[in-house]
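Here's a quick tour of a protein model, made for someone just getting started. Keep the 3D view open and click along as you read.

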Amino acid sequence: MSSQFKYVGKPLPRLDAYDKVAGTAVYAADLDVPDAWEAGVLRSPVAAGRLRKIDRDPSFDWSQVCVVTAADIPGVNAVHMIRDDYIAIVEEKIDFVSQALALVAAPDKKTLAAALAALKPDIEPVEPALTIEDSLAVKNKVWGEDNVMDDFAVNRGDVEQGFREADVIIENTYRTGLQEHIYLENCGMIAWPTADGVRVAGSLQCPHYVHNALAMALALDTKNIQVQQTTTGGAFGGKEDYPSVMAVWTALLARKCGKPVKLLYDRGEDMLVTPKRHPSKIHHKIGMKRDGTITAAEVDLYIDGGACTSMSKVVLARAVLHCTGAYKVPNAKLRARAMATNTPPNGAFRGFGAPQAIYAIERQMDFAAMKLGMDPYTIRLKNVLHRGDSFPFGQVLEDGASAEIVLRDVVERSNFVEKWRQCMEQPAGRIRKGIGLSLCMHGGGFTGSGEDTMGTTVDVELCPDGRVEVLSGSTEMGQGTDTMLPMYVAEVLGLPLERVSHPLPDTTRAPNSGPTAASRTAMFVGRACVDAGENLIKMMKEFIAEKRGVIPDGYADGVFSKDGKPVSTMDEAAALWFAEPGRGRLVARGMVHPDDRYKWDEVKFHGTAYKGYSWLAQVLEIEVDLDTYEIHPIKSTVSTEVGRAINPIQVEGQMAGGVLQSYGMGYLEEMTVTPEGKFSAHQLNAYLIPTTLDTPEFSVRIFEDPSPFGAFGAKGLGELACDGGAPAVASAVDNAAGVHAVEAPLTGEKLFNLLEAKAAGTNAEGKA
């Protein structure tokens with residue numbers, strides 16, 4: 001790891017660890033809110049229909065509660081997101097089960113429950129479109145005329161010629177299902193009415209998203225809105241857009257009833273109504289020479305967006321840009337569509353479209369290896385991208401092209417090829433061993449020109465008591481931001497790390513750093529932190545010159561110098577600043593400045609899609625019980641290249657946690673939509689996630705190839721960890737049981753069906 005820095009590259013303990021371990025961290029449900037009323041939502045029991053009216057039981061005393069309907073919304077009846085198509089409260093058209101028909105606030109939970117029961121919606125149901133196939137057939141018009149919310153295409157070369165040059169063609173359809181975030185802390189939001197506006201606080205990822213949503217729905221001036229993040233117990237993308245919904249609801253109620261209002265979900269309600277990972281259906285056709293060289297690929301990719309856009313547009317963009325994986329594809333025809341269905345809107349989830357796309361291409365590589373009589377490693381090595389190669393969308397890899405490095409390393413450390421052959425030849429028996437391989441990459445930051453137009457901003461403030469605060473809209477949600485951003489600033493300022501902190505974001509103090517999403521915090525928010533620290537040093541040099549008549553030409557470890565001789569310490573200069581009346585706060589602003597050398601054409605979907613790619617290869621060793629159809633992960637070997645490992649111990653933790661989460665996607669975590677349009681699981685007794693008993697032994701190795709775009713060379717890594725686990729599980733099961741899965745999760749029931757089909761001689765395989 002890095003040795004030239006004081007803090008960067010060192011395995012340091014998390015700055016937020018003590019409060020969380022000791023139980024002193026204050027979460028949304030821990031806040032003491034005097035006179036707060038309880039909020040609840042009257043939800044649609046049907047997936048599609050028309051709301052005629054809502055009757056109020058005359059026997060209930062309505063004066064004791066506050067009811068809000070669509071007619072009470074002073075601004076736009078929508079929650080501001082990428083598109084303003086998430087209806088805050090139904091006016092007439094119902095698009096999914098659990099959609100809000102009315103809001104209620106009451107002084108206590110008992111009265112709230114009685115009030116909700118006394119509201120009687122009169123609904124005319126219609127037949128819903130619940131699947132991608134239903135949506136394509138326009139079984140019900142959910143969005144527009146054809147239910148296609150977004151449609152992207154990438155074309156390169158001559159695909160038909162590429163297929164003519166191929167010796168074999170592999171063609172399959174892959175499916176991935178819903179996945180629930182299962183963050184430790186359920187969603188929660190609290191709103192206080194103020195004289196001219198509203199204050200909200202809650203468990204969230206993106207405070208400025210919430211701020212903008214409140215301004216639009218409540219028709220408030222932005223200066224009259226305050227949004228505060230409370231300590232957040234996990235998110236994984238699930239608290240990117242949905243907190244805006246809850247904030248609008250609680251704010252509407254608080255403004256109407258004149259009381260603080262809190263809406264705190266239990267696990268059942270949280271699972272029933274919040275966004276999930278987008279289900280996908282991906283038809284993949286790939287042509288290859290007999291030596292395994294790819295000649296062409298044609299991909300038709302669909303994701304199920306649910307009833308409105310939410311994050312689907314940008315999830316879809318990332319999915320299509322990752323759908324040929326870490327491989328050279330000279331001829332490509334790629335199309336991706338987000339389909340609207342009468343299900344709750346799907347949204348951001350760690351990986352953001354890449355896990356679905358990577359699942360399909362990695363499964364294709366396994367099928368191709370089988371058809372060509374090759375092992376899964378050799379066929380991948382034959383096709384990996386190198387420096388100077390380009391993606392189908394035209395971006396040339398200039399820096400950090402590390403696919404071969406991580407692939408070779410993980411195969412060598414795990415002895416993959418020999419073990420794979422041994423498992424292929426193992427004798428019959430109840431317990432079968434298997435080993436699987438996958439390779440993936442992840443683009444850091446917003447797609448295309450997103451980072452150049454984001455205006456990512458951070459303030460660094462030196463306080464009178466000597467503390468340094470990093471003020472940003474980036475949130476800590478378990479991934480380590482509260483440690484990493486202070487590390488950046490302490491490194492630049494040369495001050496002790498214990499003096500630097502990252503307070504919980506508050507939109508009245510913290511500038512807009514962009515959303516805490518897209519694996520962008522280490523790269524881009526970090527750059528703004530470095531810029532802010534450097535600007536603080538420049539500002540203090542000018543101040544010292546003004547006060548002492550000497551212009552410092554050097555700065556290191558908190559000391560300003562001229563011609564190598566000390567002039568002032570940072571603390572001495574700060575004391576002078578605060579001693580002078582009228583100077584005010586000692587704060588410097590940093591930003592990420594656009595780089596005009598790199599272009600992205602949104603219409604042609606061509607150019608530099610991401611400023612840097614991180615890479616990960618993994619080998620998973622498993623045991624499969626052919627009597628119980630249980631899959632047991634035994635050992636996971638991971639090799640990853642992340643630019644610069646800012647805090648290596650956090651990198652290892654992110655890798656192990658994210659990979660385990662993706663194993664859950666691969667074989668355990670099954671959720672479907674019932675014929676009534678409800679999620680099939682809304683309690684943890686009906687939704688299995690990996691526990692310590694399902695956790696393999698992890699061996700993680702980190703490689704560094706510093707990026708010129710990220711702070712101190714950092715690239716994104718949080719989502720990368722979640723991209724390749726599901727196909728590694730399927731690959732290992734292939735090796736153990738001789739079946740060829742095309743669907744995730746590969747549950748015991750699905751494994752049983754594959755084994756039955758194999759016994760009957762009807763097992764589906766790629767067509768040569």
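Let's begin with one residue: at 21% relative accessibility, phenylalanine 712 counts as partly exposed, because that label covers values from the 20% limit for buried up to the 50% limit for exposed. Keep in mind that this is a predicted model. From here we'll go through odd backbone angles, strands, a helix, a glutamine and then the empty spaces.

**Backbone oddities**

- Here's the background: most residues other than glycine have a negative phi, and most peptide bonds are trans.
- Phenylalanine 712 goes the other way, with a positive phi near 55 degrees.
- You'll find phenylalanine 712 in the loop that runs between S28 and helix H18 (725–737).
- Aspartate 563 isn't a glycine either, yet its phi is positive, near 55 degrees.
- Is aspartate 563 buried or exposed? Its relative accessibility is 60%, so aspartate 563 counts as exposed.
- Now look for the cis peptide bond between alanine 744 and proline 745, where omega is about 5 degrees.
- Proline 745 sits in the loop between strand S29 (743–744) and helix H19 (748–759).

**A hairpin to zoom in on**

- Strand S21 (residues 559–562) and strand S22 (residues 565–569) run antiparallel and are joined by four bridges.
- Across that pairing, serine 561 faces proline 566 in S22.
- The hairpin has two residues between its strands, and aspartate 563 with its positive phi belongs to this hairpin. That puts aspartate 563 in the loop between S21 and S22.

**A four-stranded sheet**

- A handy rule before you look: strands of a sheet pair through backbone hydrogen bonds, either parallel or antiparallel.
- In which order do the four strands of the open sheet come? They go S16-S26-S27-S28, and the pairing is mixed.
- Why is one side of S16 and of S28 left without a neighbour in the sheet? Strand S16 (431–443) and strand S28 (697–703) are at the edges and have a single partner strand each, so there is nothing beside them in the sheet on the other side.
- Going from one strand to the next, the twist averages 15 degrees.
- Strand S26 (residues 613–625) and strand S27 (residues 630–641) pair antiparallel, with eleven bridges between them. In this pair, leucine 616 stands opposite threonine 640 in S27.

**An enclosed helix**

- Helix H8 (residues 312–321) has ten residues, and eight of them are buried, so the rest of the structure largely encloses this helix.
- The buried residues of H8 are Ser312, Val315, Leu316, Ala317, Arg318, Ala319, Val320 and Leu321.
- What covers them? The cover includes strand S7 (148–156), strand S14 (294–306), strand S15 (332–340), helix H9 (354–372), S16 and strand S24 (600–601).

**A buried glutamine**

- Glutamine 661 is part of helix H17 (residues 648–667).
- With a relative accessible area of 11%, glutamine 661 falls under the 20% cut-off and so counts as buried.
- Leaving out residues up to four places away in sequence, glutamine 661 touches Gln179, His181, Phe236, Phe349, Arg350, Glu669 and Cys722.

**Cavities and a pocket**

- How many cavities of 30 Å³ or more does the structure hold? There are three.
- The largest cavity has about 50 Å³ of space. Its lining is made up of Glu451, Asp452, Phe524, Arg527, Val592, His593, Asp595, Lys611 and Phe709.
- Helix H13 (450–454) and helix H15 (521–548) are the elements that give two or more residues to the lining of the largest cavity.
- Sorted by class, the lining of the largest cavity has five charged, three nonpolar and one polar residues.
- The second largest cavity holds about 40 Å³, and its lining has eight nonpolar, two polar and one charged residues. Among the residues lining the second largest cavity are Arg43, Tyr86, Phe96, Tyr242 and Trp249.
- The second largest pocket has a volume of about 810 Å³. It is lined by 35 residues, and those closest to its centre are Ile82, Tyr209, Val314, Phe446 and Met454.
- Helix H5 (207–218), H8 and H13 each give at least two residues to the lining of the second largest pocket.
- That pocket's lining divides into 17 nonpolar, 13 polar and five charged residues.

Notes. Residues numbered from 1 in each chain as written. Predicted model: local features only at pLDDT ≥ 70, side-chain atom pairs only at ≥ 80, totals over all residues. Heavy atoms only, no water. 1 Å grid on protein atoms, 1.4 Å probe; cavity = no way out; pocket = protein on both sides within 12 Å on 5 of 7 lines; lining within 4 Å. Points joined across faces, edges and corners; volume = space filled by probe spheres on them. Nonpolar A, V, L, I, M, F, W, Y, C, P; charged D, E, K, R; others polar. Pairing = 2+ DSSP bridges. Axes fitted to C-alpha atoms, helices over the stretch in contact; angles between N-to-C directions. Buried < 20%, exposed > 50% of the residue type's maximum accessible area, 1.4 Å probe, protein only. Contact = heavy atoms within 4.5 Å.
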